Amino acid sequence: MANPLRSEVVRLYKNLLYLGREYPKGGDYFRDRLRAAFTKNKSVQDPEQIKAMIARGEYVARELEALYYLRKYRAMKKRYYEEQIKQQQ
């Protein structure tokens, strides 16, 4: 019998894998770390522990999204202020 939480774990893995493509240290680095983390916990059977790990993974996904938005914001801000300085000169 398949674990009912399996689909959530697979969805989380795919989402993190997708988010890891733009990781600052590189997609390969992130993918290796992600695979190691999921492999380390593959023997866990307790549904409560699995739910806790899913919640932690979703937290990591939100943190990655925040990191990417902050990076985009900083790049836009830098371009904007460079243009303002050029216009003032």
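Trainee: Val 60 is found in helix 3. What makes Val 60 partly exposed?

Mentor: A word on the model before that. It is a predicted one, where local features need pLDDT of at least 70 and side-chain atom pairs count only at pLDDT 80 or more, while totals for chains, interfaces and linings use all residues. Residues are numbered from 1 along each chain as its sequence is written, and side-chain values use heavy atoms, with hydrogens and water left out. Now, Val 60 has a relative accessible area of 32%. Buried means under 20% and exposed over 50% (1.4 Å probe, protein chains only), with partly exposed in between. The 32% of Val 60 falls between those limits, so Val 60 is partly exposed.

Trainee: Where is Val 60 relative to Leu 16?

Mentor: Their C-alpha atoms are 8.2 Å apart in space, although 44 residues separate Val 60 and Leu 16 in sequence.

Trainee: And which elements does the chain have?

Mentor: Three helices and zero strands, running α-α-α from the N terminus. Helices here are DSSP runs of H or I with at least four residues, strands E runs of at least two, numbered from the N terminus.

Trainee: Helix 1 and helix 2 pack at about 160°, their axes 10 Å apart. Why is helix 1 called roughly antiparallel to helix 2?

Mentor: Angles over 145 degrees count as roughly antiparallel, and the angle of about 160° is over that limit, so the label fits helix 1 and helix 2. The crossing of these two helices is right-handed.

Trainee: Which residues meet there?

Mentor: Val 9, Leu 12, Tyr 13, Leu 16 and Leu 17 of helix 1 come into contact with Phe 30, Arg 31, Leu 34, Arg 35 and Phe 38 of helix 2, contact being heavy atoms within 4.5 Å. Eight of the residues are nonpolar, none polar and two charged.

Trainee: How do you know that Arg 35 is partly exposed?

Mentor: Arg 35, in helix 2, has 41% relative accessibility, and that is why it counts as partly exposed. Its C-alpha atom is 9.1 Å from that of Leu 17, 18 residues away along the chain.

Trainee: What makes up the largest nonpolar core?

Mentor: Eight residues: Leu 12, Leu 16, Leu 19, Phe 30, Leu 34, Ala 61, Leu 64 and Tyr 68. Helix 1 (6-19), helix 2 (27-40) and helix 3 (47-88) each give two or more residues to this core. Such a core joins buried nonpolar residues through side-chain atoms within 4.5 Å. Beyond its neighbours within four places in sequence, Leu 64 contacts Leu 16, Leu 19, Tyr 23 and Phe 30.

Technical notes:
Axes fitted to C-alpha atoms, helices over the stretch in contact; angles between N-to-C directions. Parallel < 35°, antiparallel > 145°, perpendicular 65-115°, else oblique. Left-handed = near helix turned anticlockwise from the far one by under 90°. Nonpolar A, V, L, I, M, F, W, Y, C, P; charged D, E, K, R; others polar.
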